[in-house]
Amino acid sequence: SIQKHLLERIGDYDLFAHVADDSDTWTVELFEPTKLVVVNQPELDEKNYILRTGRGVIGVQQVLRMFWSMEEANKLKQQAEAERGEKYDWVIRLRPDTQFFSHIEDLATCDPRSIYIPTFCNYWG
């Protein structure tokens, strides 16, 4: 669904992936990433974040690792921008386990200075 509803609609793109080394890692190669980094995720300092979470949260390690990985992917993008001498028009950040049932908005009709969050999933965006 990512290929059909997102990547094919964009046309020309670079895809940067910073992923955990696990049994599903190979699936990212289906998207033929421009740059792929596979790592063993570190144990990150939780700094008592668990004390500031809501009911039902049993750990924050996976969230901290997701943010760490987002930061590392952004570094890959910044390195590519420096090498090519220009910034990308758009940055789309998504989880590989997101399933799309319809096309994304036509980027030509969107404001590149804005942030767009799809209104689906458990948190309505």
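Q: Hi! Quick one to start: is Lys 47 buried or exposed?
A: Lys 47 is exposed, with a relative accessible area of 52%. Here exposed means over 50% relative accessible area, buried means under 20%, and partly exposed is in between, using a 1.4 Å probe and protein chains only.

Q: Thanks! And where is Lys 47 found?
A: Lys 47 sits in the loop between strand 2 and helix 2. Helices (H or I, at least four residues) and strands (E, at least two) are DSSP runs, numbered from the N terminus. The phi of Lys 47 is near 45°, which is a positive value in a residue other than glycine.

Q: Before I go on, what kind of model is this?
A: This is a predicted model, where local features need pLDDT of at least 70, side-chain atom pairs count only at pLDDT 80 or more, and totals for chains, interfaces and linings use all residues. Residues are numbered from 1 along each chain as its sequence is written, and side-chain values use heavy atoms, with hydrogens and water left out.

Q: What's the mean pLDDT of the protein, then?
A: The mean is 86, and 95% of the residues reach 70 or more. pLDDT is the predictor's confidence in each residue, from 0 to 100.

Q: Which elements have the lowest and highest mean pLDDT?
A: Among the elements, helix 1 (residues 2-10) has the lowest mean, 89. Strand 2 (residues 35-39) has the highest, 93.

Q: Zooming out, how many helices and strands are there?
A: There are two helices and two strands. Following the sequence, you meet them in the pattern α-β-β-α.

Q: And what does the C-alpha trace span?
A: Along its principal axes, the trace spans about 45 × 35 × 30 Å. The protein has 125 residues, and buried ones make up 22% of them.

Q: Back to phi: where is Glu 32?
A: Glu 32 belongs to the loop between strand 1 and strand 2. Glu 32 has a positive phi of about 50° although it is not a glycine. This residue is exposed, at 66% relative accessible area.

Q: OK, now the inside. Which residues make up the largest nonpolar core?
A: Nine residues do: Ile 2, Leu 6, Leu 7, Leu 15, Ala 17, Val 19, Val 28, Phe 100 and Ile 104. A nonpolar core is a set of buried Ala, Val, Leu, Ile, Met, Phe, Trp, Tyr and Cys residues joined through side-chain atoms within 4.5 Å.

Q: Which element supplies the largest share of this core?
A: Helix 1 does, with three residues. Helix 1 and strand 1 (16-20) each supply at least two.

Q: Let's pick Leu 6 from that core. What is Leu 6 in contact with?
A: Leaving aside neighbours within four places in sequence, Leu 6 is in contact with Ser 1, Ile 92, Leu 94, Phe 100 and Ile 104. Contact means heavy atoms within 4.5 Å.

Q: His 5 is in helix 1 too. Is His 5 buried or exposed?
A: His 5 is buried, with a relative accessible area of 9%. Not counting residues up to four places away in sequence, His 5 touches Phe 100, Phe 101, Ser 102, His 103 and Ile 104.

Q: Where does Ser 102 lie?
A: Ser 102 lies in the segment after helix 2, and at 48% relative accessibility this residue counts as partly exposed. Ser 102 and Lys 4 are 98 residues apart in sequence, while their C-alpha atoms are 8.9 Å apart in space.

Q: Switching to helix 2 (residues 61-84), where Leu 76 lies: what does Leu 76 contact?
A: Setting aside neighbours within four places in sequence, Leu 76 is in contact with Phe 16, Ala 17, Lys 35 and Val 37. Leu 76 is buried, at 10% relative accessible area. From Leu 76 to His 18 it is 8.5 Å, C-alpha to C-alpha, with their positions 58 residues apart in sequence.

Q: Last one: what separates Ala 108 and Gly 54?
A: Their C-alpha atoms are separated by 39 Å, and the two are 54 residues apart along the chain. Ala 108 is found in the segment after helix 2 and is exposed, with a relative accessible area of 71%.
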